[in-house]
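Trainee: Hi! Could you walk me through this one? I'd like to know what to look at.

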There are 2 protein chains.
Amino acid sequence: TLSVATVSLAQMKTEDAIKFRQAGYAFMSWNMGKIKAQVVDGAVPYNKDQIVAAANVIAAVANSGMGALYPAGSDKGSGFHETKVKPEFFQNMPEVGKLAGNFNTAANELAAAAATGDQGAIKAAFGKVGESCKACHDQFRAK
Amino acid sequence: TLSVATVSLAQMKTEDAIKFRQAGYAFMSWNMGKIKAQVVDGAVPYNKDQIVAAANVIAAVANSGMGALYPAGSDKGSGFHETKVKPEFFQNMPEVGKLAGNFNTAANELAAAAATGDQGAIKAAFGKVGESCKACHDQFRAK
């Protein structure tokens, strides 16, 4: 029998999958930027509600199952623009899974830290999320 | 004194604001599609965890303060592509605020319904979210 993932992938066009993953990452980066500005750089005054909301976006995107947005064949193609994924992504799924798991854990810890309002804890958790984004980009995203 | 919003807007380029809003809407539409497939059309078997995650994305995006992504002057310009916002958006802020508020309420109700696992309630809440997207598009998004 077909798995749920197979069925839903079968229905999604490659270009849509690429567009949606580019969208998810771009929207996270806006929210990472808000946390950086308010909690790391102090360029904008800290506003707890805004930081909770930003961290909730990052956790929700992390928990959304973006693996489904990497169907076979989507190492090439254009969503909002030509994909930047490296072919290695599709040849090294255990490593991708490990990095995605690290990202997932870090994102949920950031949301938990944001809810406490403890800026030191938020800053530390933000740093770990940033490292988990970078770890994936270093290996699997073209410059 | 400058408000927080003014400071953060001053730091964001128009093209980034347009890109981020296009990203937020596109990523929501992927998640709306999952709920439609599993709970409305039944094209994919219902999976509670996936629907909770999808509804949490929609609520988190709704709660993220996307109004900050409509700085003055962003009625024209290109993010991932040329903006489709209508100039009327910037001339009718009370109406935009009303529609955004309806969307926000509906999105949070959808997340609450998803958490219960009651597919009838999810379907009803999904319908209200869809209406709230459409209400804004009908008035403020170009074809």
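Mentor: Happy to; we'll talk about confidence, then the two copies, then a pair of helices.

Trainee: What kind of model is this, and what is the average pLDDT of chain A?

Mentor: This is a predicted model. Chain A averages a pLDDT of 94, and 92% of the residues score at least 70. Be careful with residues 1–7 of chain A, where the pLDDT is below 50. Beyond near neighbours in sequence, that stretch has 6 contacts in the model.

Trainee: And what scores does the complex get?

Mentor: The predictor gives an ipTM of 0.96 and a pTM of 0.95.

Trainee: OK, new topic. What rotation superposes chain A on chain B?

Mentor: One of 180°, with 0.0 Å of shift along its axis and an RMSD of 0.0 Å. The two copies are therefore related as by a two-fold rotation axis. In chain A, Ala23(A) has the C-alpha nearest that axis, 2.1 Å from it.

Trainee: Through which surface do the copies meet?

Mentor: The same one, because 100% of the interface residues of chain A are also interface residues in chain B.

Trainee: Now the helices! At what angle do α2 and α6 of chain A pack?

Mentor: About 140°, with their axes 10 Å apart. Helix α2 covers residues 14–40 and helix α6 covers residues 119–140. They are therefore oblique to each other, and α2(A) passes α6(A) in a left-handed crossing.

Trainee: Which residues meet there?

Mentor: Among them are Met32(A) and Ile35(A) from α2(A), and Phe126(A) and Val129(A) from α6(A). By class, this contact has 8 nonpolar, 3 polar and 2 charged residues.

How values were computed. Residues numbered from 1 in each chain as written. Chains lettered and ligands numbered in written order. Predicted model: local features only at pLDDT ≥ 70, side-chain atom pairs only at ≥ 80, totals over all residues. Heavy atoms only, no water. Least-squares fit on C-alpha atoms with pLDDT ≥ 70 in both. Contact = heavy atoms within 4.5 Å. pLDDT = per-residue confidence, 0-100. Axes fitted to C-alpha atoms, helices over the stretch in contact; angles between N-to-C directions. Helix = DSSP H or I, 4+ residues; strand = E, 2+ residues; numbered from the N terminus. Parallel < 35°, antiparallel > 145°, perpendicular 65-115°, else oblique. Left-handed = near helix turned anticlockwise from the far one by under 90°. Nonpolar A, V, L, I, M, F, W, Y, C, P; charged D, E, K, R; others polar.
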